[in-house]
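Trainee: Could you take me closely through one part of this model, namely the open sheet of chain B, and then show how that chain meets its partner?

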Amino acid sequence: MANTQNPDMTPGLVNAYEPGEHPDWPAPSSVKGPVHWIKTNLFGSVTNTLLTLLTIYLLYKIIPAMVDWMFIDAAYTGTSRKDCEAQASGACWAFIGTRLQLFIYGFYPEAERWRVNLTAILLFVALAPVLYDNVPHRGKALIFTVLYPLIAGVLLVGGIFGLEYVATDQFGGLMLNVIIGVTGIAFSLPIGICLALGRQSHLPVLRIVCVAFIEFIRGVPLITLLFVAAVMLSYFVPPGTNFDLLVRMLIMVTLFASGYMAEVIRGGLQAIPKGQYEAADSMGLKYWQSMRLIILPQALKIAIPGIVNTFIALYKDTTLVIVIGRLDILGIGRSSLADSKWQGLSTEVYVFVAIFFFISCFLMSRYSLYLEKKLHTGH
Amino acid sequence: MAETQTAATAGAIGSSKGSGDIIEIHGMHKWYGDFHVLKDINLSVKAKERIVICGPSGSGKSTLIRCINRLEEHQKGDILVNGIELTNDLKNIDLIRREVGMVFQHFNLFPHLTVLENCTLGPIWVRQTPKKEAEAIAMEYLERVKIPEQALKFPGQLSGGQQQRVAIARSLCMSPKIMLFDEPTSALDPEMIKEVLDTMIELADTGMTMLCVTHEMGFAKTVADRVIFMDGGEIIEQNEPHSFFDNPQHERTQLFLSQILAH
C-alpha cells in the first residue's frame with residue numbers, strides 16, 4: 001500500500017524530507033496517457049459521451065459512402081457518360097480526366113503550354129526565398145522574386161524573344177485562378193500596408209484619401225468592381241487606349257483585397273503598445289526605420305491569421321471572373337457540363353473544383369500556422 | 001522664427017549658445033488640451049550631474065523628462081540639449097535623440113528581437129556602426145549589466161529585472177551623453193529592484209549625466225547631486241540630497257517626504 005516511490009501522505013505522518021530537500025516526483029498515471037485523454041475528452045460527462053457516440057455514428061454513415069462513391073465504385077476510363085455507367089455506379093472521373101488539359105490551361109495553345117508549366121515551376125523558385133528564410137543565397141534569390149512578375153508576363157503573353165504571342169483571352173482554367181490569385185496576394189499586402197499606415201498618418205489629406213479608398217472598396221461588391229473594370233473603364237480612359245481586360249481584372253482584384261488587407265493590418269498596428277513607438281523614437285530611428293524594423297514586424301505577426309484569411313478569400317473570389325466572360329477552373333467546369341456526351345455529371349465537376357481549392361487554401365492555412373510558430377518569441 | 005532657426009543650425013554644428021550646461025530649460029510650459037501640465041519650468045543640468053526628480057503622481061515629472069527627448073512636445077519656452085535647440089525641426093530632434101538615452105518604466109524592449117539585436121539596432125541604423133563592431137560594443141555593455149549569457153534569448157524569456165538591465169544596456173550602446181530614467185524600478189518585483197539600482201549606481205560612477213524620475217529615496221541619497229521636487233506641474237524645491245531630505249524648505253516637500261518615508 002505505502003509504496004516507496006510515493007509515500008502515503010496521510011495527515012499526521014511525519015514529513016520524510018527536510019525542507020528544501022523534496023525531490024520532484026513523476027505525475028501519477030491517472031493524469032496522463034491515452035486512456036486518461038479518452039476518458040476526460042471523449043467520455044467526460046453524459047452529454048460528452050452522447051455527442052461522441054452521435055459523431056461516431058454520423059461518420060460511420062457518411063465516410064464509407066463517400067469513399068465508395070469517390071474511389072471504390074468510380075470509373076476512371078471511358079469516352080462518354082455511358083461508358084462510365086457501364087463500368088460503375090459511382091463517380092465518373094473519366095469526364096475530368098479527358099478534359100484535364102482544359103481544366104488546367106483553358107484555351108492556351110497546346111504547342112505553347114510548356115510556357116505555362118515553366119512559369120509555374122519558376123513561381124515556386126520565386127516563392128521559396130519569400131516563404132522560407134533559410135534558402136541558400138536568399139539575397140540573390142529575392143532579386144529573382146522581384147523580377148518574377150515581369151518574367152512570368154513575358155513567358156505567358158510572349159510576342160518578344162521569339163515567343164509566339166498569346167492573347168490573354170485564351171488564358172483560362174486553373175492557370176487563370178493562379179495568375180489572378182498570386183498577383184492579388186503579392187500586391188495587396190504591400191498596398192494594404194501603405195493604406196493602413198496612411199490611415200494612421202498625421203497628415204490629414206493622406207489620411208482622408210486612405211480612409212475614403214478603404215471605405216469605398218469595402219462598401220462595393222467585387223462583382224461590381226469587375227463589371228466596372230470590364231465595361232465602364234473604357235469611358236474613363238482616353239479613346240484608343242487599349243487596356244488589356246486581364247490587366248484590368250488584376251488591378252481590380254488587387255485593389256479590392258488591399259482595402260480589406262489595410263483594415264486587417266490596422267488591427268495589428270493598434271495592438272502594438274505605445275511604448276514600442278516611444279522606444280524606437282527615443283533611439284533616434286526615423287519614421288520608416290521604426291516602422292520597418294520595430295512596428296511592422298510585430299503588427300504583421302499579430303495580423304497573420306487575418307492576412308491569410310484575406311488571401312484565402314481573394315483566392316476563392318478569383319472564380320468571379322466568370323461574370324465578365326473569362327472561364328477559370330469553375331467556368332470551364334460549368335461549360336463542360338453542356339457537352340451532350342457528358343451531361344448530368346455536375347457533382348464530379350464541383351467535387352473536383354472543390355478539392356482543388358481546398359488543397360490550395362489548406363496549404364496557405366498550414367503555412368500561416370508554421371509562420372506563427374516560427375515567429376513566436378515567448379511574449 | 002528666423003532667429004530660432006539660426007540658433008538651431010548653429011547648435012547643430014556644435015557651437016552651443018548659453019552657459020554651456022548640457023541641458024537648459026527656460027520658461028517651459030506644456031498643456032494637454034486645456035490642462036496645464038508643466039508650468040514655467042526652469043532647469044539647468046551640468047554635464048556629469050546626477051539628478052533625481054520626485055513628487056506625487058500627476059505632478060508632471062515624467063512629462064518633464066519626456067520633453068527633453070521630444071517624446072512630448074512643449075508649447076512655450078526653450079529647451080536646449082547639448083547646445084541644440086529643440087524645435088519642430090526633425091533634424092534637430094534626431095540629433096538630440098541620438099545623444100539622449102531613455103529607460104522606461106515598462107522596459108519597452110523589442111519583443112521580436114533577441115537581446116543582442118535589441119542592443120545593436122540603434123548603433124547599426126542610427127549611427128551606421130558596422131554590425132560586427134556594434135555586436136562587440138553590445139556584448140561589452142551586456143557584460144557591464146551582468147547578463148552577457150542572455151544575449152541570444154528573447155526579452156520575453158527574461159525576468160523583469162533582467163529586462164530592465166537589457167534596456168539600460170540598449171541605451172548605453174548608443175553612447176549617449178545623457179540618460180533619462182522614467183521610473184525604472186516601478187514595475188519590478190521587490191527582489192529585482194536592487195539589481196537595477198546597482199546597475200544605475202555603477203553607471204552614475206562612470207560620470208554619466210543622469211536624470212531619474214524615481215521614488216527610490218535610498219538611491220537619491222547615494223548618487224544624486226541634486227534632488228528636485230515637483231508638484232502640480234511646478235518645480236517646488238531643489239537641493240543637494242543631504243539638505244533636501246534633512247531640511248526640506250517647502251511645506252509640500254515636507255508633506256511628501258513624510259508620506260513616503262513614514263513606513
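Mentor: What follows begins with the sheet and then moves outward to the interface.

The model is predicted, and within chain B 6 strands make up an open sheet of mixed pairing, ordered S6-S7-S8-S3-S9-S10. The edges are held by S6(B) and S10(B), the latter covering residues 234–239, and since each has a single partner strand, one side of each is left without a neighbour in the sheet. From one strand to the next there is an average turn of 20°, with direction ignored.

At the S6 edge, S6(B) runs parallel to S7(B), residues 178–182, and 4 bridges join the two; within this pairing Val100(B) is placed opposite Ile178(B) of S7(B). At the other edge the sense is antiparallel, with 5 bridges between S10(B) and S9(B), residues 226–231, and here Ile228(B) faces Gln238(B) of S10(B) across the pair. S9(B) and S10(B) form a hairpin with 2 residues between them, and in its turn Gly232(B) adopts a positive phi of about 60°. Strands of a sheet pair through backbone hydrogen bonds, whether they run parallel or antiparallel.

Helix H7 of chain B, residues 190–205, lies across three of these strands, S3 (50–54), S7 and S8 (209–213), and runs at about 150° to S8(B).

Turning to the partner chain, 22 residues of chain B are in contact with 21 residues of chain A, and the two chains bury about 2000 Å² between them, of which 62% lies on carbon and sulfur atoms. Of the area that chain B buries against chain A, Pro111(B), His112(B) and Trp125(B) supply 28%, more than any other three residues.

The interface also has a polar side: 6 residue pairs are counted in polar contact between chain B and chain A, with both residues at pLDDT 80 or more. The elements of chain B that give two or more residues to its side of the interface are helix H3 (90–97), strand S6 (100–103) and helix H4 (115–125), and H4(B) contributes the largest share, 4 residues. By type, the residues on the side of chain B that touches chain A divide into 12 nonpolar, 6 polar and 4 charged. Across the interface the rule finds 2 salt bridges, and one of the salt bridges is formed by the side chains of Arg66(B) and Glu278(A), at 2.5 Å from N to O.

S6(B) therefore links the two parts of this account, since it stands at an edge of the sheet and is also among the elements that give two or more residues to the side of chain B that touches chain A.

Definitions and conventions
Residues numbered from 1 in each chain as written. Chains lettered and ligands numbered in written order. Predicted model: local features only at pLDDT ≥ 70, side-chain atom pairs only at ≥ 80, totals over all residues. Heavy atoms only, no water. Contact = heavy atoms within 4.5 Å. Buried area = accessible area lost by both parts, 1.4 Å probe. Salt bridge = Lys/Arg side-chain N within 4 Å of Asp/Glu carboxyl O. Polar contact = N/O pair within 3.5 Å; in protein donor to acceptor, adjacent residues only side chain to side chain. Nonpolar A, V, L, I, M, F, W, Y, C, P; charged D, E, K, R; others polar. Pairing = 2+ DSSP bridges. Axes fitted to C-alpha atoms, helices over the stretch in contact; angles between N-to-C directions.
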